[in-house]
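Subject: Handing over the structure

Dear colleague,

I am passing on the structure below, and after it you will find my notes on what turned up. Please keep the structure open beside the text as you read.

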Amino acid sequence: MPMPAAEIEALIRAAIPDAEVTITDLAGDGDHYAAHVVASSFAGLSRVARHKAVYGALGERMGGVLHALQVTTGVPT
């Protein structure tokens, strides 16, 4: 069963409360998404650490109900 974009966004916001999250369904199948996550709490973190925070928010869903997630992160300017 595909995972709705709204659920992905809610999970990321719950784990990273200051995040601005944009989710895009890349293939229209509910399995392949892109997430753009901007948060002031990312300041000073490496790109890898930021991505780990996003993937950590999704837990066991990655590789399960959520097949693929392309992540980009940033800090507010």
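Which residue forms a salt bridge with Glu 7? The partner is Arg 61, and the closest N and O atoms of the two are 3.9 Å apart. Please bear in mind, here and throughout, that this is a predicted model. Arg 61 sits in the loop between α2 (47-58) and β3 (68-74), whereas Glu 7 belongs to helix α1, so the pair ties together parts that are 54 residues apart in sequence. Arg 61 counts as partly exposed, since its relative accessibility is 25%, and Glu 7 is also described as partly exposed, with a relative accessible area of 37%.

A search of the whole structure finds 2 salt bridges, and another such pair is made by the side chains of Glu 9 and Arg 13, with 2.8 Å from N to O. These two residues are 4 apart in helix α1, and are therefore separated by about one helical turn. Glu 9 is partly exposed at a relative accessible area of 25%, and Arg 13 is partly exposed at a relative accessibility of 35%.

It may help to step back to the whole chain. The secondary structure comes to 2 helices and 3 strands, and someone reading along the sequence meets them in the pattern α-β-β-α-β. The C-alpha atoms fill a box of roughly 35 × 20 × 20 Å when it is taken along the principal axes. A compact globule of 77 residues would have a radius of gyration near 11 Å, and the 12 Å of this protein chain agrees with that. If we take the contacts between residues at least 6 apart in sequence, 53% of them join residues that are at least 24 apart.

Turning to the strands, β1 and β2 run antiparallel and are joined by 6 bridges. One of the pairings to look for is that of Val 21, whose bridge partner in β2 is Val 37. The hairpin made by β1 and β2 has 6 residues between the strands, and in this hairpin Gly 28 takes a positive phi near 75°.

What does the interior look like? Buried residues make up 34% of the 77 residues in the protein chain. In soluble globular proteins, nonpolar side chains tend to be buried together. Here the largest nonpolar core has 19 residues, of which Ile 8, Ile 12, Val 37, Val 54 and Leu 69 touch the most other members. Each of α1, β1 (20-25), β2 (32-38), α2 and β3 supplies at least two residues of this core. As for the surface, the chain exposes about 4300 Å², and carbon and sulfur atoms supply 57% of that area.

Three residues are worth following from one part of the chain to another, and in each case I leave aside neighbours up to four places away in sequence. Val 37 is in contact with a list of residues that includes Ile 12, Val 21, Phe 42, Val 54 and Thr 73. Thr 73, whose place is in strand β3, in turn touches Val 37, Phe 42, Arg 50, His 51 and Val 54. Is Thr 73 buried or exposed? Its relative accessibility is 18%, and because buried means under 20%, Thr 73 counts as buried.

Leu 58, in helix α2, is buried as well, with a relative accessibility of 0%. Its contacts are Ile 8, Leu 11, Ile 12, Leu 66 and Leu 69. By way of a distance to check on the screen, Leu 58 and Ile 23 are 35 residues apart in sequence and 13 Å apart in space, from C-alpha to C-alpha.

Leu 11 brings us back to the start of these notes, for this residue lies in helix α1 (residues 5-15) and touches Met 3, Ala 57, Leu 58 and Arg 61. Arg 61 is, as you will recall, the residue that forms a salt bridge with Glu 7. Leu 11 and Gly 59 are 48 residues apart in sequence, yet their C-alpha atoms are 9.3 Å apart in space.

With best wishes

Definitions and conventions
Residues numbered from 1 in each chain as written. Predicted model: local features only at pLDDT ≥ 70, side-chain atom pairs only at ≥ 80, totals over all residues. Heavy atoms only, no water. Contact = heavy atoms within 4.5 Å. Salt bridge = Lys/Arg side-chain N within 4 Å of Asp/Glu carboxyl O. Buried < 20%, exposed > 50% of the residue type's maximum accessible area, 1.4 Å probe, protein only. Core = buried A, V, L, I, M, F, W, Y, C linked by side-chain atoms within 4.5 Å. Rg over C-alpha atoms; globule rule 2.2 N^0.38 Å. Areas by Shrake-Rupley, 256 points an atom, 1.4 Å probe, with all protein chains shown as cover. Pairing = 2+ DSSP bridges.
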